[in-house]
Amino acid sequence: MAWTKYQLFLAGLMLTTGSINTLSAKWADVFTAKGCHDDPEHSFSHPFVQAVGMFLGELSCLAVFYILLCHDRRSPEPKMNRGQSFNPLLFFPPAMCDMTATSIMYVALNMTSASSFQMLRGAVIIFTGLLSVAFLGRRLKPSQWVGILTTILGLVIVGLADFFSGHRDDSHKLSDVITGDLLIIMAQIIVAVQMVLEEKFVYKHDVHPLRAVGTEGFFGFVVLSLLLIPMYFIHVGEFSNNPRQVLEDALDAFCQIGHQPLILLALLGNTVSIAFFNFAGISVTKEISATTRMVLDSLRTLVIWVVSLGLGWETFHGLQVLGFLVLLVGTALYNGLHRPLLARIPCCAAMVSTEEGSSPEERERLLGDGRVQAGDES
(Lines give C-alpha, C1' and ligand atoms only; values in the text may rest on other atoms or scores of the structure.)
Protein backbone atom coordinates (compact mmCIF):
# COMPACT_ATOMS: atom_id res chain seq x y z
CA MET A 1 0.00 0.00 0.00
CA ALA A 2 1.34 3.42 -1.01
CA TRP A 3 2.18 5.91 1.72
CA THR A 4 0.03 9.00 2.14
CA LYS A 5 1.57 12.48 2.00
CA TYR A 6 1.28 12.74 5.78
CA GLN A 7 3.16 9.45 6.26
CA LEU A 8 5.90 10.59 3.88
CA PHE A 9 6.11 13.85 5.83
CA LEU A 10 6.48 11.99 9.14
CA ALA A 11 9.17 9.67 7.74
CA GLY A 12 11.08 12.61 6.30
CA LEU A 13 10.72 14.58 9.54
CA MET A 14 12.05 11.69 11.62
CA LEU A 15 15.03 11.10 9.30
CA THR A 16 15.86 14.81 9.04
CA THR A 17 15.52 15.77 12.70
CA GLY A 18 17.26 12.60 13.87
CA SER A 19 20.25 13.40 11.67
CA ILE A 20 20.27 17.08 12.69
CA ASN A 21 20.31 16.05 16.36
CA THR A 22 23.72 14.35 16.16
CA LEU A 23 25.18 16.67 13.50
CA SER A 24 24.28 19.84 15.43
CA ALA A 25 25.89 18.45 18.59
CA LYS A 26 29.06 17.67 16.63
CA TRP A 27 28.89 21.08 14.91
CA ALA A 28 29.01 22.80 18.30
CA ASP A 29 32.09 20.72 19.19
CA VAL A 30 34.10 21.90 16.15
CA PHE A 31 33.80 25.61 17.04
CA THR A 32 36.57 27.55 18.76
CA ALA A 33 35.94 30.84 20.57
CA LYS A 34 37.29 33.03 23.35
CA GLY A 35 36.07 32.34 26.87
CA CYS A 36 35.70 34.54 29.94
CA HIS A 37 38.40 36.84 31.37
CA ASP A 38 40.20 37.20 28.02
CA ASP A 39 40.93 33.49 27.78
CA PRO A 40 42.52 32.55 24.45
CA GLU A 41 40.42 30.80 21.80
CA HIS A 42 39.69 27.19 22.64
CA SER A 43 37.33 24.49 21.43
CA PHE A 44 33.73 24.42 22.65
CA SER A 45 33.93 21.36 24.90
CA HIS A 46 30.87 21.49 27.15
CA PRO A 47 29.12 18.11 26.98
CA PHE A 48 27.03 18.62 30.12
CA VAL A 49 25.70 21.98 28.92
CA GLN A 50 24.76 20.25 25.65
CA ALA A 51 23.01 17.50 27.61
CA VAL A 52 20.97 20.12 29.50
CA GLY A 53 19.85 21.49 26.14
CA MET A 54 18.86 18.00 25.00
CA PHE A 55 16.70 17.51 28.11
CA LEU A 56 15.12 20.90 27.50
CA GLY A 57 14.07 19.51 24.12
CA GLU A 58 12.58 16.43 25.77
CA LEU A 59 10.82 18.65 28.33
CA SER A 60 9.17 20.54 25.47
CA CYS A 61 7.38 17.30 24.55
CA LEU A 62 5.34 17.83 27.73
CA ALA A 63 4.18 21.21 26.37
CA VAL A 64 3.33 19.57 23.04
CA PHE A 65 1.29 16.93 24.87
CA TYR A 66 -0.86 19.53 26.68
CA ILE A 67 -1.29 21.61 23.50
CA LEU A 68 -2.54 18.53 21.64
CA LEU A 69 -4.76 17.64 24.60
CA CYS A 70 -6.36 21.11 24.68
CA HIS A 71 -6.89 21.04 20.92
CA ASP A 72 -8.47 17.59 21.16
CA ARG A 73 -10.83 18.68 23.95
CA ARG A 74 -12.17 21.50 21.78
CA SER A 75 -13.09 19.11 18.96
CA PRO A 76 -16.68 17.76 18.83
CA GLU A 77 -15.48 14.18 19.32
CA PRO A 78 -12.29 14.00 21.45
CA LYS A 79 -10.12 11.06 20.41
CA MET A 80 -6.88 11.57 22.33
CA ASN A 81 -6.25 9.15 25.19
CA ARG A 82 -4.88 11.20 28.07
CA GLY A 83 -3.97 8.06 30.02
CA GLN A 84 -4.49 7.17 33.64
CA SER A 85 -3.10 9.12 36.59
CA PHE A 86 0.37 8.03 37.69
CA ASN A 87 3.10 8.92 40.13
CA PRO A 88 5.63 11.08 38.20
CA LEU A 89 8.44 9.74 40.42
CA LEU A 90 8.12 6.45 38.51
CA PHE A 91 10.05 8.20 35.77
CA PHE A 92 12.86 9.42 38.05
CA PRO A 93 15.09 6.26 37.93
CA PRO A 94 14.95 5.90 34.11
CA ALA A 95 15.43 9.67 33.80
CA MET A 96 18.64 9.44 35.85
CA CYS A 97 19.84 6.62 33.59
CA ASP A 98 19.02 8.78 30.57
CA MET A 99 20.86 11.74 32.10
CA THR A 100 23.99 9.69 32.87
CA ALA A 101 24.08 7.94 29.50
CA THR A 102 23.46 11.15 27.53
CA SER A 103 26.19 13.03 29.41
CA ILE A 104 28.70 10.23 28.81
CA MET A 105 27.81 10.12 25.10
CA TYR A 106 28.26 13.88 24.68
CA VAL A 107 31.68 13.58 26.35
CA ALA A 108 32.50 10.80 23.89
CA LEU A 109 31.29 12.83 20.91
CA ASN A 110 34.08 15.31 21.69
CA MET A 111 36.58 12.50 21.23
CA THR A 112 35.38 10.59 18.19
CA SER A 113 33.59 11.12 14.88
CA ALA A 114 29.84 11.67 14.51
CA SER A 115 29.43 8.59 12.31
CA SER A 116 31.24 6.27 14.74
CA PHE A 117 29.23 7.81 17.57
CA GLN A 118 25.99 6.92 15.78
CA MET A 119 27.13 3.44 14.69
CA LEU A 120 28.43 2.40 18.10
CA ARG A 121 25.10 3.31 19.68
CA GLY A 122 23.84 0.16 17.98
CA ALA A 123 25.48 -1.73 20.85
CA VAL A 124 22.33 -1.03 22.88
CA ILE A 125 20.59 -4.11 21.44
CA ILE A 126 23.27 -6.36 22.93
CA PHE A 127 22.77 -5.13 26.47
CA THR A 128 19.01 -4.69 26.14
CA GLY A 129 18.67 -8.27 24.95
CA LEU A 130 20.83 -9.69 27.75
CA LEU A 131 19.18 -7.61 30.49
CA SER A 132 15.67 -8.44 29.25
CA VAL A 133 16.53 -12.13 29.57
CA ALA A 134 18.00 -11.67 33.06
CA PHE A 135 15.44 -9.29 34.59
CA LEU A 136 12.28 -9.50 32.49
CA GLY A 137 12.32 -13.27 31.95
CA ARG A 138 12.12 -12.81 28.19
CA ARG A 139 13.19 -15.59 25.83
CA LEU A 140 15.09 -14.32 22.82
CA LYS A 141 14.46 -15.93 19.45
CA PRO A 142 17.38 -17.64 17.64
CA SER A 143 17.49 -14.80 15.09
CA GLN A 144 17.86 -12.28 17.93
CA TRP A 145 20.86 -14.14 19.33
CA VAL A 146 22.37 -14.17 15.83
CA GLY A 147 21.60 -10.45 15.59
CA ILE A 148 23.44 -9.80 18.87
CA LEU A 149 26.51 -11.74 17.71
CA THR A 150 26.44 -9.97 14.35
CA THR A 151 26.22 -6.59 16.12
CA ILE A 152 29.27 -7.47 18.24
CA LEU A 153 31.18 -8.26 15.03
CA GLY A 154 30.06 -4.93 13.54
CA LEU A 155 31.23 -3.03 16.63
CA VAL A 156 34.65 -4.69 16.39
CA ILE A 157 34.93 -3.65 12.72
CA VAL A 158 33.91 -0.03 13.45
CA GLY A 159 36.41 0.02 16.33
CA LEU A 160 39.17 -1.21 14.02
CA ALA A 161 38.24 1.47 11.47
CA ASP A 162 38.59 4.12 14.18
CA PHE A 163 41.91 2.60 15.30
CA PHE A 164 43.42 2.76 11.83
CA SER A 165 41.96 6.16 10.93
CA GLY A 166 43.09 7.56 14.29
CA HIS A 167 46.72 7.46 13.10
CA ARG A 168 45.95 9.96 10.32
CA ASP A 169 43.24 12.07 12.00
CA ASP A 170 44.48 15.52 13.01
CA SER A 171 41.34 16.47 14.93
CA HIS A 172 41.38 13.53 17.37
CA LYS A 173 44.29 11.70 19.01
CA LEU A 174 44.20 7.90 18.78
CA SER A 175 43.89 7.59 22.57
CA ASP A 176 40.92 10.00 22.54
CA VAL A 177 39.20 8.06 19.75
CA ILE A 178 39.56 4.74 21.58
CA THR A 179 38.41 6.29 24.88
CA GLY A 180 35.44 7.91 23.14
CA ASP A 181 34.38 4.63 21.49
CA LEU A 182 34.59 2.78 24.82
CA LEU A 183 32.56 5.50 26.56
CA ILE A 184 29.81 5.22 23.92
CA ILE A 185 29.58 1.46 24.41
CA MET A 186 29.61 1.93 28.21
CA ALA A 187 26.75 4.42 27.88
CA GLN A 188 24.68 1.82 26.01
CA ILE A 189 24.76 -0.41 29.11
CA ILE A 190 23.10 2.43 31.04
CA VAL A 191 20.60 2.99 28.20
CA ALA A 192 19.73 -0.71 28.32
CA VAL A 193 19.15 -0.47 32.10
CA GLN A 194 16.89 2.52 31.41
CA MET A 195 14.84 0.52 28.88
CA VAL A 196 14.46 -2.42 31.25
CA LEU A 197 13.37 -0.11 34.09
CA GLU A 198 10.82 1.55 31.81
CA GLU A 199 9.43 -1.76 30.62
CA LYS A 200 9.24 -3.28 34.11
CA PHE A 201 7.81 -0.35 36.07
CA VAL A 202 6.53 2.32 33.67
CA TYR A 203 4.93 0.76 30.59
CA LYS A 204 2.31 -1.12 32.61
CA HIS A 205 0.78 2.30 33.30
CA ASP A 206 -1.29 3.87 30.54
CA VAL A 207 0.87 6.98 29.98
CA HIS A 208 0.90 8.89 26.70
CA PRO A 209 4.39 8.60 25.09
CA LEU A 210 4.85 12.37 24.74
CA ARG A 211 3.93 12.80 28.40
CA ALA A 212 6.40 10.08 29.36
CA VAL A 213 9.25 11.65 27.36
CA GLY A 214 8.43 15.11 28.74
CA THR A 215 8.36 13.89 32.35
CA GLU A 216 11.76 12.23 32.00
CA GLY A 217 13.01 15.39 30.30
CA PHE A 218 11.81 17.46 33.26
CA PHE A 219 13.73 15.35 35.78
CA GLY A 220 16.84 15.25 33.60
CA PHE A 221 16.78 19.00 32.98
CA VAL A 222 16.30 19.96 36.64
CA VAL A 223 18.84 17.53 38.12
CA LEU A 224 21.57 18.13 35.53
CA SER A 225 21.10 21.91 35.71
CA LEU A 226 21.66 21.74 39.48
CA LEU A 227 24.68 19.45 39.01
CA LEU A 228 26.35 22.10 36.84
CA ILE A 229 27.03 24.05 40.07
CA PRO A 230 29.30 21.45 41.78
CA MET A 231 30.78 20.51 38.37
CA TYR A 232 32.10 24.10 38.17
CA PHE A 233 34.39 23.40 41.16
CA ILE A 234 35.46 19.77 40.46
CA HIS A 235 38.96 19.74 38.95
CA VAL A 236 39.62 16.83 36.59
CA GLY A 237 42.96 17.88 35.09
CA GLU A 238 43.70 17.06 31.45
CA PHE A 239 40.46 15.09 31.06
CA SER A 240 38.72 18.45 30.63
CA ASN A 241 39.35 20.72 27.64
CA ASN A 242 38.15 23.94 29.27
CA PRO A 243 40.73 26.50 30.55
CA ARG A 244 39.98 25.90 34.23
CA GLN A 245 40.19 22.10 33.76
CA VAL A 246 37.01 21.49 35.73
CA LEU A 247 34.34 18.89 34.99
CA GLU A 248 32.06 21.51 33.43
CA ASP A 249 32.46 25.29 33.18
CA ALA A 250 28.99 26.56 32.26
CA LEU A 251 30.12 30.21 32.53
CA ASP A 252 32.85 29.56 29.97
CA ALA A 253 30.21 27.98 27.70
CA PHE A 254 28.03 31.12 27.87
CA CYS A 255 31.05 33.38 27.25
CA GLN A 256 32.02 31.33 24.18
CA ILE A 257 28.43 31.53 22.90
CA GLY A 258 28.62 35.33 23.33
CA HIS A 259 31.81 35.47 21.26
CA GLN A 260 30.57 32.99 18.64
CA PRO A 261 26.76 33.14 18.22
CA LEU A 262 26.77 30.20 15.76
CA ILE A 263 27.36 27.92 18.76
CA LEU A 264 23.95 28.97 20.05
CA LEU A 265 22.45 28.04 16.67
CA ALA A 266 24.02 24.58 16.95
CA LEU A 267 22.70 24.12 20.50
CA LEU A 268 19.21 25.27 19.47
CA GLY A 269 19.35 22.82 16.57
CA ASN A 270 20.08 20.03 19.03
CA THR A 271 17.27 21.09 21.40
CA VAL A 272 14.59 21.62 18.76
CA SER A 273 15.51 18.52 16.73
CA ILE A 274 15.21 16.14 19.70
CA ALA A 275 11.66 17.39 20.36
CA PHE A 276 10.57 16.93 16.74
CA PHE A 277 12.42 13.61 16.50
CA ASN A 278 10.56 12.20 19.50
CA PHE A 279 7.22 13.36 18.10
CA ALA A 280 8.00 12.04 14.60
CA GLY A 281 9.26 8.69 15.93
CA ILE A 282 6.10 8.07 17.94
CA SER A 283 3.92 9.17 15.01
CA VAL A 284 5.76 6.92 12.52
CA THR A 285 5.18 3.90 14.78
CA LYS A 286 1.48 4.74 15.08
CA GLU A 287 0.79 5.80 11.49
CA ILE A 288 3.06 3.39 9.59
CA SER A 289 4.84 0.66 11.59
CA ALA A 290 7.53 0.01 14.18
CA THR A 291 9.60 -1.68 11.46
CA THR A 292 9.62 1.53 9.41
CA ARG A 293 10.84 3.42 12.45
CA MET A 294 13.77 1.01 12.85
CA VAL A 295 14.69 1.30 9.17
CA LEU A 296 14.59 5.12 9.32
CA ASP A 297 16.79 5.06 12.43
CA SER A 298 19.36 3.00 10.52
CA LEU A 299 19.18 5.37 7.53
CA ARG A 300 19.88 8.22 9.97
CA THR A 301 23.33 6.74 10.60
CA LEU A 302 24.02 6.74 6.86
CA VAL A 303 22.92 10.39 6.50
CA ILE A 304 25.14 11.47 9.41
CA TRP A 305 28.10 9.62 7.93
CA VAL A 306 27.67 11.09 4.43
CA VAL A 307 27.21 14.65 5.74
CA SER A 308 30.26 14.32 8.03
CA LEU A 309 32.36 13.20 5.06
CA GLY A 310 31.02 16.05 2.94
CA LEU A 311 31.83 18.65 5.61
CA GLY A 312 35.34 17.26 6.05
CA TRP A 313 34.79 16.33 9.70
CA GLU A 314 36.20 12.87 9.04
CA THR A 315 37.99 10.87 6.37
CA PHE A 316 36.61 7.93 4.41
CA HIS A 317 37.63 4.47 5.61
CA GLY A 318 36.51 1.29 3.85
CA LEU A 319 36.26 -0.66 7.10
CA GLN A 320 33.59 1.75 8.29
CA VAL A 321 31.42 0.80 5.31
CA LEU A 322 31.78 -2.87 6.20
CA GLY A 323 31.12 -2.15 9.88
CA PHE A 324 27.97 -0.16 9.06
CA LEU A 325 26.62 -2.95 6.84
CA VAL A 326 27.32 -5.63 9.48
CA LEU A 327 25.64 -3.50 12.17
CA LEU A 328 22.69 -3.00 9.82
CA VAL A 329 22.33 -6.76 9.39
CA GLY A 330 22.60 -7.30 13.15
CA THR A 331 19.90 -4.71 13.86
CA ALA A 332 17.66 -6.18 11.16
CA LEU A 333 18.02 -9.71 12.54
CA TYR A 334 17.38 -8.62 16.13
CA ASN A 335 14.27 -6.65 15.18
CA GLY A 336 12.88 -9.32 12.85
CA LEU A 337 13.18 -7.36 9.61
CA HIS A 338 14.32 -10.57 7.86
CA ARG A 339 11.00 -12.35 8.41
CA PRO A 340 9.04 -10.84 5.47
CA LEU A 341 11.87 -11.83 3.12
CA LEU A 342 12.19 -15.39 4.46
CA ALA A 343 8.40 -15.83 4.42
CA ARG A 344 8.49 -15.56 0.62
CA ILE A 345 10.85 -18.55 0.41
CA PRO A 346 8.83 -21.81 0.67
CA CYS A 347 11.49 -23.77 2.53
CA CYS A 348 11.92 -20.99 5.11
CA ALA A 349 8.27 -20.03 5.62
CA ALA A 350 7.68 -22.69 8.30
CA MET A 351 10.77 -21.59 10.23
CA VAL A 352 9.58 -17.97 10.23
CA SER A 353 6.09 -18.88 11.46
CA THR A 354 7.47 -20.81 14.45
CA GLU A 355 9.74 -17.93 15.40
CA GLU A 356 7.07 -15.27 14.89
CA GLY A 357 6.56 -13.16 18.03
CA SER A 358 3.70 -11.03 19.19
CA SER A 359 4.04 -8.07 16.87
CA PRO A 360 1.21 -6.00 18.41
CA GLU A 361 2.90 -6.18 21.84
CA GLU A 362 6.23 -5.19 20.32
CA ARG A 363 4.52 -2.32 18.53
CA GLU A 364 3.03 -1.06 21.80
CA ARG A 365 6.41 -1.32 23.49
CA LEU A 366 8.01 0.77 20.78
CA LEU A 367 5.19 3.31 21.00
CA GLY A 368 6.17 3.84 24.60
CA ASP A 369 9.84 4.35 23.75
CA GLY A 370 9.69 7.86 22.36
CA ARG A 371 13.26 9.04 22.81
CA VAL A 372 16.56 8.94 20.85
CA GLN A 373 17.96 5.56 21.42
CA ALA A 374 19.81 4.33 21.35
CA GLY A 375 17.23 5.47 20.43
CA ASP A 376 17.69 6.56 21.50
CA GLU A 377 17.85 6.60 20.83
CA SER A 378 20.42 9.96 22.79
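Me: What makes a stretch of this predicted model a numbered helix, and where do D297 and R300 lie?
Reply: Helices (H or I, at least four residues) are DSSP runs, numbered from the N terminus; D297 and R300 both lie in helix α11, residues 290-310, and they are 3 residues apart, about one turn of the helix. Residues are numbered from 1 along each chain as its sequence is written. In this predicted model, local features need pLDDT of at least 70 and side-chain atom pairs count only at pLDDT 80 or more, while totals for chains, interfaces and linings use all residues, and side-chain values use heavy atoms, with hydrogens and water left out.

Me: Why is the pair D297 and R300 called a salt bridge?
Reply: The term asks for a side-chain nitrogen of Lys or Arg within 4 Å of a carboxyl oxygen of Asp or Glu; the closest N and O atoms of D297 and R300 are 2.9 Å apart, so the pair qualifies.

Me: Why is R300 called buried, and what is D297 called?
Reply: Buried means under 20% relative accessible area, exposed over 50%, and partly exposed in between (1.4 Å probe, protein chains only); R300 has 0% and is therefore buried, whereas D297, at 22%, counts as partly exposed.

Me: How do you know that R244 and D249 form a salt bridge, and which of these two residues is buried?
Reply: Their side chains meet at 3.6 Å, N to O, which is again within the cut-off of the term. D249 is buried because its relative accessible area is 5%, while R244, with 30%, is partly exposed.

How values were computed: Helices (H or I, at least four residues) and strands (E, at least two) are DSSP runs, numbered from the N terminus.
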